Amino acid sequence: MNNEGVKQDRLHFSSAQHTAIISPYAVNDLKFSGSYEERPRLANSQQPGISATTIGTYGTRNFLPTVQWDKRFQISDSLSLIRGGHSIKAGADINKLSTAQTFGFDQFGTFTINSSNVSQILDIIAGAGTVQNRWDSPTVSYSRQIGNLAVQYGATQAALFAQDSWRVTPTLTLDYGLRWEGQWNPKVDANNSELVNKVNSTVFPNGAPADVTKIPNTLKQVMPRFGLAWNPMREGKLVVRAHIGIFYAATPLIIYSDPTGNFGHLPTTFACF
């Protein structure tokens, strides 16, 4: 079908690890990994799209074509110690992320017919009946992408952690630890001062002003964790487990596409209706 496309995915990955046995009670693990992924999504056609709820769609799909690549480099190190009933582990890791994409809706233009009358839709498409010129109808809207479609940015993630698994008794084990994660977010291309000043003059209902010139870093993600395993019958047939903690998820880089690229003199995506 001409309004569909082909999605490809090529992933390249490599890793290396060095494990050092410092003593019978101490082991250090050092790991490095890198990956590169390409995800081109190509359109079966390059022509204006037409969308009508009653008869369907044809022409180029409004979000095709798009091409994206991602890179990730990670290095992590952890030290494990065994002391009596304690199994202690502490470490750190750093991730360097970068991405780029070429993307924009309605790259070849899209006609949307807001009508459920099949005869009227066919007249609009053919320029027949009461329609003197094709698409010359108040039920038709047209949108076209005029942005430069390209954006490239990256982020750095870091983490520190320490944890202990304490065998309190033969039937009770406590697990507890603390993890910190931080993310340094990408910079914003905000050299379109006229647009920036207009947006930054907005004040939200809570009284906070907008500031599109920067994306705050997330450096206050402290995550305590606690868990236990209890064998009340002492025979291993029944184990009671409980875990609680605070967990933060990393922000997907695609979320930063519009904030980093749409406030420059050459916006990434800018639709004209």
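# Exercises on a predicted model

The largest nonpolar core consists of 10 residues, namely Ile50, Ala52, Phe111, Ile113, Ile121, Ile124, Ile125, Val131, Trp135 and Val140; a nonpolar core is here a set of buried Ala, Val, Leu, Ile, Met, Phe, Trp, Tyr and Cys residues joined through side-chain atoms within 4.5 Å. The model is predicted, so local features need pLDDT of at least 70 and side-chain atom pairs count only at pLDDT 80 or more, while totals for chains, interfaces and linings use all residues. Residues are numbered from 1 along each chain as its sequence is written, and side-chain values use heavy atoms, with hydrogens and water left out.

**Exercise 1. Determine which elements give two or more residues to the largest core, and which of them gives the largest share.**

Step 1. Strand E5 (49–52), strand E9 (110–113) and helix H1 (118–126) each give two or more residues to this core; helices (H or I, at least four residues) and strands (E, at least two) are DSSP runs, numbered from the N terminus.

Step 2. H1 supplies the largest share, which is three residues.

Step 3. A second, separate core has eight residues, among them Val188, Ile215, Leu253 and Tyr256.

Step 4. As background, nonpolar side chains tend to be buried together in soluble globular proteins.

**Exercise 2. Work out the strand order of the five-stranded open sheet, and find where H1 packs on the sheet.**

Step 1. The order is E6-E5-E9-E10-E15, with mixed pairing, where two strands pair if DSSP finds at least two bridges between them.

Step 2. E6 and strand E15 (271–272) are the edge strands, since each pairs on one side only.

Step 3. Within the sheet, E5 and E9 pair in the parallel sense over four bridges, and the bridge partner of serine 51 in E9 is threonine 112.

Step 4. H1 packs on the sheet and touches E5, E6, E9 and strand E10 (140–145), its direction making about 150° with that of E9; axes are lines fitted to C-alpha atoms, for helices over the stretch in contact, and angles run from 0 to 180 degrees between N-to-C directions.

**Exercise 3. Describe the surroundings of isoleucine 50 and threonine 57 through their contacts.**

Step 1. Leaving aside neighbours within four places in sequence, isoleucine 50 is in contact (heavy atoms within 4.5 Å) with Gly56, Thr57, Tyr58, Phe111, Ile113 and Trp135.

Step 2. Threonine 57 belongs to strand E6 (residues 56–58), and with the same neighbours within four places left aside, threonine 57 is in contact with Asn3, Ile50 and Ser51.

Step 3. Asparagine 3 is 54 residues from threonine 57 along the chain, and their C-alpha atoms are separated by 7.3 Å.

**Exercise 4. Decide whether serine 33, serine 76 and threonine 57 are buried, partly exposed or exposed.**

Step 1. The classes follow relative accessible area: buried means under 20%, exposed over 50%, and partly exposed in between (1.4 Å probe, protein chains only).

Step 2. Serine 33, in strand E3 (residues 26–38), counts as buried because its relative accessibility is 14%.

Step 3. Serine 76, in strand E7 (residues 67–83), is buried because its relative accessible area is 18%.

Step 4. Threonine 57 counts as partly exposed because its relative accessibility is 38%.
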